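Visitor: Please take one part of this model and examine it closely, and then set it against the chain as a whole. I should like the cut-offs stated as the terms arise.

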Amino acid sequence: MSPRSASVNEELRRRSRERLLQAAVELVSERGYEATTLGDIADRAGSARGLVSYYFPGKRQLVQSAVHRLMHRTLEEGLEREPRTDDGRERMARAIDAILGLARDQPVLMRQHMAGILQAEGFVQCPEQQRLAQLLGDTVARHGSPDAATDYPMLRALLMGSVYAALVPGVPMPVPTLRAELFKRYRLDWEMGVPPETEVPGGRCETDLSRFFATGHEPDAQPGRSDAQPGRPGGQPDGAEGRSK
């Protein structure tokens, strides 16, 4: 059998990583963070357990990357849903509703995410987090910010603060109340975005999250095989860009 091409190996690696991200989201949502092991995630993904450490330094980094994927794909879906719009105020409203919707519909995942980024190591600078930052930065710019580089961190802080407030055990703030404050700050009309109790396709997070992860059923490309590592400089395996720096 002839060796697989570099492009085929790259696609196999991408799908392997996607399956691990999807499995992490599913299991943490079902069982919680502490009850989910790396072995559980590998088993759910149908991957060899060695692949977890191949792509991610540990469980916290894997789960945080998985939640960042869920966040950026939920945001992307909300921004681009029909009817599509270039109106900056409407896109800001959709962005706020997408992130608050995750706090409402995925509380276990989002509570774990908030706990993870408050640890000493901070949040993971992974491709998923970078895509989330790009989408929020673009939203700020389209909303009319003259200095998106400065205003984006404020939007991120306000959104994460609202998620935290919505998830505090025992004294959570209602999502509509948090939404009203954010809409007031950004001068948005209540009817924009996805108002509470409004049924809009893609407006609420669904139980089945598989649409956010592009996976396939081909066998994994195993680390250490000649067709799994097509000669990166210094012998560094592909997939290392997903590791924290």
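**A close look at R187 and its surroundings**

Guide: R187 has a relative accessible area of 67%, so it counts as exposed (over 50%; buried means under 20% and partly exposed lies in between, with a 1.4 Å probe and protein chains only as cover). The model is predicted, so local features need pLDDT of at least 70 and side-chain atom pairs count only at pLDDT 80 or more, whereas totals for chains, interfaces and linings use all residues. Residues are numbered from 1 along each chain as its sequence is written, and side-chain values use heavy atoms, with hydrogens and water left out.

R187 is placed in the segment after α9 (175-185); helices here are DSSP runs of H or I of at least four residues, strands are runs of E of at least two, and both are numbered from the N terminus. The phi of R187 is near 55°, a positive value in a residue other than glycine. Most residues other than glycine have a negative phi, and most peptide bonds are trans. A cis peptide bond, with omega near -5°, leads from E82 to P83, and P83 sits in the loop between α4 and α5 (88-105).

The residues on either side of R187 in sequence, Y186 and L188, both touch I96, where contact means heavy atoms within 4.5 Å. Setting aside neighbours within four places in sequence, I96 also meets L159, L182 and F183. Together with L20, I96 touches the most other members of the largest nonpolar core, which has 58 residues; such a core is a set of buried Ala, Val, Leu, Ile, Met, Phe, Trp, Tyr and Cys residues joined through side-chain atoms within 4.5 Å. The largest share of this core, nine residues, is supplied by α5.

For contrast with R187, consider A66 in helix α4 (residues 59-80). A66 has 1% relative accessibility and therefore counts as buried. Beyond four places in sequence, A66 is in contact with L21, A24, V25 and F213. Of the 22 residues of α4, 18 are buried.

The chain as a whole has nine helices and zero strands. Of its 245 residues, 48% count as buried. Among contacts between residues at least 6 apart in sequence, 71% join residues at least 24 apart.
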